[in-house]
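Here is a friendly note to read with the model open beside you. Take the points in order, and find each residue in the viewer as you go.

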Amino acid sequence: MNRLALILLITVVFAACSADPRPIAFGQDGCHHCKMTLMDPKFGAELVTEKGKVFVFDDINCMLQYLDTEEGKAQQYKHRLVTDFEAPNALIDASTAFYLKGEAFQTPMASQVVAFSNYERMEQYKNGQGGVYLAWGELQTQFK
């Protein structure tokens with residue numbers, strides 16, 4: 001094998017092992033937990049393992065319920081991401097997002113929870129639409 005082919009092979013192998021998030025393919029990806037096709041880019045979540053395996057979810061509660069399963073607990077995660085309600089298709093770190101739970105939010109699996117990257121914007125929605133602010137830890141206990 002020539003040197004260039006070897007370098008190319010090594011590059012491809014390392015690229016395939018990437019543990020980076022990927023954009024959710026709305027209209028194509030199925031929720032790993034409930035198996036529904038993800039349709040609305042304002043809702044969704046993604047887990048990426050240390051080995052680079054990607055799991056997508058159509059609602060935050062599907063991700064949290066999966067994390068509470070034996071399979072979910074057995075994984076080591078590099079990324080826990082949720083969709084920013086105000087920036088469809090944008091994934092943000094689940095542990096630093098600001099969550100609002102309220103009847104005004106018709107989520108795919110009825111969690112009524114949306115995520116925001118900005119606290120002030122979440123507060124504006126809360127003041128206008130109602131709802132309850134939840135931090136990541138509170139959210140995790142709510143869906144166990």
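**Notes on a predicted model**

1. Let's begin with how the chain meets itself. Among contacts in the protein between residues at least 6 apart in sequence, 54% join residues at least 24 apart. Please keep in mind that this is a predicted model, so the values here are computed from it.

2. Next, the overall layout. The protein has five helices and seven strands. If you walk along the sequence, you meet them in the pattern α-β-β-α-α-β-β-β-β-α-β-α. There are 144 residues, and 35% of them count as buried. About 8100 Å² of the protein is exposed, with carbon and sulfur atoms supplying 53% of that area.

3. Now look at one helix in particular. How many of the eight residues of helix α2 are buried? Seven of them are, so helix α2 (residues 60–67) is largely enclosed by the rest of the structure. The buried residues of α2 are I60, N61, C62, M63, L64, Y66 and L67. Here is a general point to help you read such a list: an α-helix has 3.6 residues a turn, so residues three or four places apart point the same way.

4. There is also an enclosed space to find. The structure holds one cavity of 30 Å³ or more, and the volume of the largest cavity is about 40 Å³. Its lining is made by K42, F43, G44, D59, I60, T83, V113, V114 and A115. You have already met I60, which is among the buried residues of α2. Which strand gives the most to the lining of the largest cavity? Strand β6 (residues 113–116) does, with three residues. By character, the lining residues divide into five nonpolar, two polar and two charged.

5. Let's turn to charged pairs. Side chains of opposite charge can pair when their charged atoms come close. In this model the count comes to three salt bridges. One of them joins D29 and R22, whose closest N and O atoms are 3.0 Å apart. Are these two partners buried or exposed to some degree? D29 has a relative accessibility of 13%, and because that is under the 20% cut-off, D29 counts as buried. R22, at 32%, is partly exposed.

6. Another salt bridge is formed by D68 and K73, with 3.8 Å between the closest N and O atoms. D68 counts as partly exposed, at 29% relative accessibility.

7. The salt bridge between the side chains of E86 and R121 has an N to O distance of 2.4 Å. This pair links distant parts of the chain, as the residues are 35 apart. E86 sits in the loop between β3 (77–83) and β4 (91–93), while R121 belongs to helix α4 (residues 119–129). E86 is partly exposed, with a relative accessible area of 32%, and R121 also counts as partly exposed, at 32%.

8. Have a look at the backbone in the loop between β5 (98–101) and β6, where A110 is placed. Phi of A110 is near 65 degrees, a positive value in a residue other than glycine. A110 has 60% relative accessibility; because this is over the 50% cut-off, A110 counts as exposed. Q112 is found in the loop between β5 and β6 too, and phi of Q112 is near 60 degrees, again positive in a residue other than glycine. Q112 is partly exposed, with a relative accessible area of 24%.

9. Finally, try following a single residue and its surroundings. R80 lies in strand β3 and counts as partly exposed, at 33% relative accessibility. Which residues is R80 in contact with, leaving aside its neighbours within four places in sequence? They are E46, L47, L67, I92, D93, A94, W136 and Q140. L67 is one of the buried residues of helix α2, so you can link this point to the helix discussed above. For one more landmark, the C-alpha atoms of R80 and P21 are separated by 9.2 Å, although the two residues are 59 apart along the chain.

Technical notes. Residues are numbered from 1 along each chain as its sequence is written. This is a predicted model: local features need pLDDT of at least 70, side-chain atom pairs count only at pLDDT 80 or more; totals for chains, interfaces and linings use all residues. Side-chain values use heavy atoms; hydrogens and water are left out. On a 1 Å grid over the protein atoms alone, a cavity is a set of points where a 1.4 Å probe fits but cannot get out, and a pocket is an open set with protein on both sides within 12 Å along at least five of seven lines; lining residues have an atom within 4 Å of a point. Grid points are joined across faces, edges and corners, and a volume is the space filled by probe spheres set on the points. Helices (H or I, at least four residues) and strands (E, at least two) are DSSP runs, numbered from the N terminus. Ala, Val, Leu, Ile, Met, Phe, Trp, Tyr, Cys and Pro count as nonpolar, Asp, Glu, Lys and Arg as charged, and the others, Gly among them, as polar. Buried means under 20% relative accessible area, exposed over 50%, partly exposed in between (1.4 Å probe, protein chains only). Contact means heavy atoms within 4.5 Å. Accessible areas come from the Shrake-Rupley method with a 1.4 Å probe; for residues, only the protein chains shown count as cover. A salt bridge is a side-chain nitrogen of Lys or Arg within 4 Å of a carboxyl oxygen of Asp or Glu.
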